[in-house]
Every structure is written in structure tokens, then in C-alpha cells.
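Grab your viewer and work through a few exercises on side-chain contacts and burial. Each one comes with a worked solution.

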Amino acid sequence: MRYFLQLSYRGAPFHGWQSQPDAVSVQSTLERALGLALRRPTTVVGAGRTDAGVNASMMLAHFDAVSPVDKHALLRAVNSIVGKDIAVSHIHDVPADAHARFDAISRTYHYHVVTVKSPFLYPTVWKAPETLDFDLMNKAAGILLHVDDFTSFAKLHTDT
């Protein structure tokens with residue numbers, strides 16, 4: 001049985017999404033929680049990866065279970081184990097061949113910029129200089145509307 005997790009997390013306490021030796025990651029935290037709740041080692045595959053400190057307001061990941069799970073009870077159990085920086089909002093039944101990463105049809109990234117200092121916003125925004133030229137910024141961004149080759153941003157000859 002395959003399930004999708006819908007989750008969000010605050011990235012500050014984590015060394016990114018992906019499990020790594022000697023570092024706490026979102027993936028390893030979820031795998032530990034699912035392993036405890038399901039009483040067996042459980043691998044989690046995310047729709048993508050984030051760097052250390054990056055937040056995710058909505059992320060999907062999948063895991064496999066050997067038998068059907070009580071989604072409501074598992075949701076409560078996982079949320080009680082992962083701590084305050086991860087929240088799993090839904091667990092969905094999906095076909096056995098559904099893949100959180102390869103079946104994703106879009107990804108959206110939000111970058112927040114402010115021009116005033118705020119002690120409440122600083123961990124999640126970038127403070128820009130007080131004066132920004134929005135006309136010039138929009139003109140520069142308009143150039144991207146005519147670009148359709150982004151291979152320079154991708155690894156070539158891989159499945160990634």
C-alpha cells in the first residue's frame with residue numbers, strides 16, 4: 001500500500017530535506033516517526049529537496065506500508081512524534097505506482113522581500129534596500145517570458 005503525506009515544515013532546525021549522516025533532516029525525522037508508528041523501518045520519498053533552513057508550506061512525500069493503515073490514527077501518531085517544526089496535514093491513499101517526485105506536475109517557490117526591518121519577519125524574508133526600482137525589475141523579469149531553455153539550471157543526462 002502506498003500513501004502520500006501532505007506536510008509543511010519550518011526549515012531552520014533541519015539540515016535540509018534529504019537524510020544525511022550525522023545531521024537531522026526533514027526526511028530522517030519523518031522516517032523515524034513513521035518507523036515508530038508503523039513498528040517497522042519506513043522510507044519516505046519527497047517530491048523534491050530543500051536546502052538547510054528552507055521552509056516548505058506544502059510538500060508531498062510518499063511511503064509504503066505492508067498493510068492498510070488507519071490514516072487518522074497514523075496522522076495523530078506521526079504529528080506527536082515529529083515535533084513542532086513539521087506538520088503532516090493529510091495522508092492520502094494513492095496507487096502503488098504513484099511517485100511523489102516523478103509524478104509532480106508543478107513546483108512553486110516563493111521568495112519574500114521587504115523594505116522595512118521587522119523582528120517578526122526576518123527569518124523568512126530578505127530585507128532589500130529601501131528603494132527598489134519596480135519598473136526596471138519588471139522589465140528584467142519580462143525577459144524570462146521569452147526564455148524556454150533552462151537546461152543550464154539542470155543536471156544533464158540524469159533522471160533528475
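Here, buried means under 20% relative accessible area, exposed means over 50%, and partly exposed is anything in between. Keep in mind that this is a predicted model.

**Exercise 1. Classify Lys71, then find its salt-bridge partner and say which elements the two join.**

Step 1: Lys71 has 29% relative accessibility, so Lys71 counts as partly exposed.
Step 2: The partner is Asp93, with the closest N and O atoms 2.7 Å apart.
Step 3: Asp93 sits in strand β4 and Lys71 in helix α2, so the bridge links parts 22 residues apart in sequence.
Step 4: Asp93 is partly exposed too, at 46%.

**Exercise 2. Work out which parts of the chain the salt bridge between Asp64 and Arg2 ties together, and classify both residues.**

Step 1: Check the contact. The cut-off for a salt bridge is 4 Å between nitrogen and carboxyl oxygen, and here the N to O distance is 2.6 Å.
Step 2: Place the residues. Asp64 belongs to strand β3 (residues 56-64) and Arg2 to strand β1 (residues 2-9), so parts 62 residues apart in sequence get tied together.
Step 3: Look at the cover. Arg2 is buried, with a relative accessible area of 14%, while Asp64 comes out partly exposed at 42%.

**Exercise 3. Do the same for Asp85 and Arg10: where does each one lie?**

Step 1: The two side chains form a salt bridge, 2.8 Å from N to O.
Step 2: Asp85 is in the loop between α2 (71-82) and β4 (86-94), and Arg10 is in the loop between β1 and α1 (26-38), so this pair connects parts that are 75 residues apart in sequence.
Step 3: Asp85 is buried, at 15% relative accessible area. Arg10, at 43%, is partly exposed.
Step 4: For the overall tally, the structure has 4 salt bridges, and the pairs above are among them.

**Exercise 4. How many aromatic pairs are there, and what geometry does each have?**

Step 1: Searching the whole structure turns up 2 aromatic pairs.
Step 2: Tyr3 and Phe63 lie 5.4 Å apart centre to centre, with 20 degrees between the planes. Planes under 30 degrees apart count as stacked, so that is the label here.
Step 3: Tyr3 is in strand β1 and Phe63 in strand β3, so the pair bridges parts 60 residues apart in sequence. Both rings belong to buried residues: Tyr3 has 1% relative accessibility and Phe63 has 0%.
Step 4: Tyr9 and Trp17 form a tilted pair, at 6.3 Å centre to centre and 35 degrees between the planes. Tyr9 and Trp17 are both buried.

**Exercise 5. Is helix α3 well covered or hardly covered, and what caps its N-terminal end?**

Step 1: Count the buried residues. Of the 10 residues in α3 (residues 134-143), the buried count is 0, so the helix is hardly covered.
Step 2: Find the cap. Asp133 does that job, with a side-chain oxygen 3.3 Å from the backbone nitrogen of Asp135.

**Exercise 6. Which residues make up the nonpolar surface patch of about 540 Å²?**

Step 1: The members are Ile143, Leu144, Val147, Phe150 and Phe153.
Step 2: Take Phe153 as a check. Phe153 is found in the segment after α3 and is exposed, at 70% relative accessible area.

Definitions and conventions:
Residues numbered from 1 in each chain as written. Predicted model: local features only at pLDDT ≥ 70, side-chain atom pairs only at ≥ 80, totals over all residues. Heavy atoms only, no water. Helix = DSSP H or I, 4+ residues; strand = E, 2+ residues; numbered from the N terminus. Buried < 20%, exposed > 50% of the residue type's maximum accessible area, 1.4 Å probe, protein only. Phe/Tyr/Trp six-rings, centres within 6.5 Å; stacked < 30°, edge-to-face > 60°. Polar contact = N/O pair within 3.5 Å; in protein donor to acceptor, adjacent residues only side chain to side chain. Patch = residues over 30% accessible without salt bridge, like charges linked within 9 Å, V, L, I, M, F, W, Y side chains within 5 Å. Areas by Shrake-Rupley, 256 points an atom, 1.4 Å probe, with all protein chains shown as cover.
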